[in-house]
Amino acid sequence: MTNTWLPKLDTLSMVTLGMLMALQLVLSRFSVGSNLIKVSFTFLIVALIAKWYGPWWGMMTAVVVDVVGTLISGGPYFVGFTVSAVLGSLTYALFLYGKPVTWVRVILASVVIAVVVNAILNTWWVTIMYHTPFWSLLPARVIKQLIVTPLQIVLVYWLLNSQMIKMVQARLKG
């Protein structure tokens, strides 16, 4: 009996997962936009890991990447953001792992992450860390999510349905 939640990784899958984690760390250093709305493309790697490796590997890599990324940046570590990273990965995995990538699945996963993780939880973590009023931060963060989430939906759908990604996924399973 195989465990579909935590599949055993062969050497190629381990190397690929390590490369994806490294790519996520590199991408996290770059963003586009203004100080008000900055967008990083790490969500693409999170979605890809969740799609290919499932919830357990996705959540474990989310913890490692969050902690290592914080150590590299020299910024303050706060466990709440690690929880957010884990929940984001879990959400993508629950909607996409072992399932066809459809608009509905990508939209639902992205909206859950945008509302629960990004708008509510991450605002709460900032409130705790910096002693700022939650209700004064929330409107701006909701507006950001209203702008960014449609872009994320399109990019995740496009990436996960690209022929290149499907070829790599077939090779990893092969």
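**A nonpolar patch, a core and four single residues**

On the surface of this predicted model, the residues W103, I107, V111, V112, V115, V116, I120 and V154 make up a nonpolar patch of about 610 Å². The helix that gives the most to this patch is α4, with seven residues. One of the patch residues, I107, lies in that helix, α4, and its relative accessible area is 36%. I107 therefore counts as partly exposed, since that class takes in values between under 20%, which is buried, and over 50%, which is exposed.

From the surface the reader can turn to the interior, where the largest nonpolar core holds 30 residues. Within this core, the residues that touch the most other members are L20, W52, Y53, Y92, V156 and L160. Two or more residues of the core come from each of the helices α1 (11-27), α2 (42-73), α3 (79-96), α4 (103-130), α5 (134-160) and α6 (163-173). Of these elements, α2 gives the most, with 11 residues.

The surroundings of one core member, V156, can be followed residue by residue. When its neighbours within four places in sequence are left aside, V156 is in contact with F43, L44 and A47, and also with Y92 and V106. Y92, like V156, is among the core residues that touch the most other members.

Where does S162 lie? S162 is found in the loop between α5 and α6, and the side chain of S162 reaches the backbone oxygen of L159 at 3.0 Å. Is S162 buried or exposed? With a relative accessibility of 14%, S162 counts as buried, because buried means a relative accessible area under 20%.

Beyond that loop, helix α6 contains K166, a residue that is partly exposed, with a relative accessible area of 37%. If residues up to four places away in sequence are not counted, K166 touches L160 and N161. L160 has already appeared in this account, as one of the core residues that touch the most other members.

The last residue to consider is A22, which lies in helix α1 and, at 37% relative accessibility, counts as partly exposed. A22 also offers a way to compare separation along the chain with separation in space, for A22 and I45 are 23 residues apart in sequence, while their C-alpha atoms are 10.0 Å apart.

How values were computed
Residues are numbered from 1 along each chain as its sequence is written. This is a predicted model: local features need pLDDT of at least 70, side-chain atom pairs count only at pLDDT 80 or more; totals for chains, interfaces and linings use all residues. Side-chain values use heavy atoms; hydrogens and water are left out. A nonpolar core is a set of buried Ala, Val, Leu, Ile, Met, Phe, Trp, Tyr and Cys residues joined through side-chain atoms within 4.5 Å. Buried means under 20% relative accessible area, exposed over 50%, partly exposed in between (1.4 Å probe, protein chains only). Contact means heavy atoms within 4.5 Å. Patches are made of residues with over 30% relative accessible area and no salt bridge: like charges are joined within 9 Å, nonpolar side chains (Val, Leu, Ile, Met, Phe, Trp, Tyr) within 5 Å. Accessible areas come from the Shrake-Rupley method with a 1.4 Å probe; for residues, only the protein chains shown count as cover. A salt bridge is a side-chain nitrogen of Lys or Arg within 4 Å of a carboxyl oxygen of Asp or Glu. A polar contact is a pair of N or O atoms within 3.5 Å; within protein, one must be able to donate a hydrogen and the other to accept it, and residues adjacent in sequence count only if both atoms are side-chain atoms.
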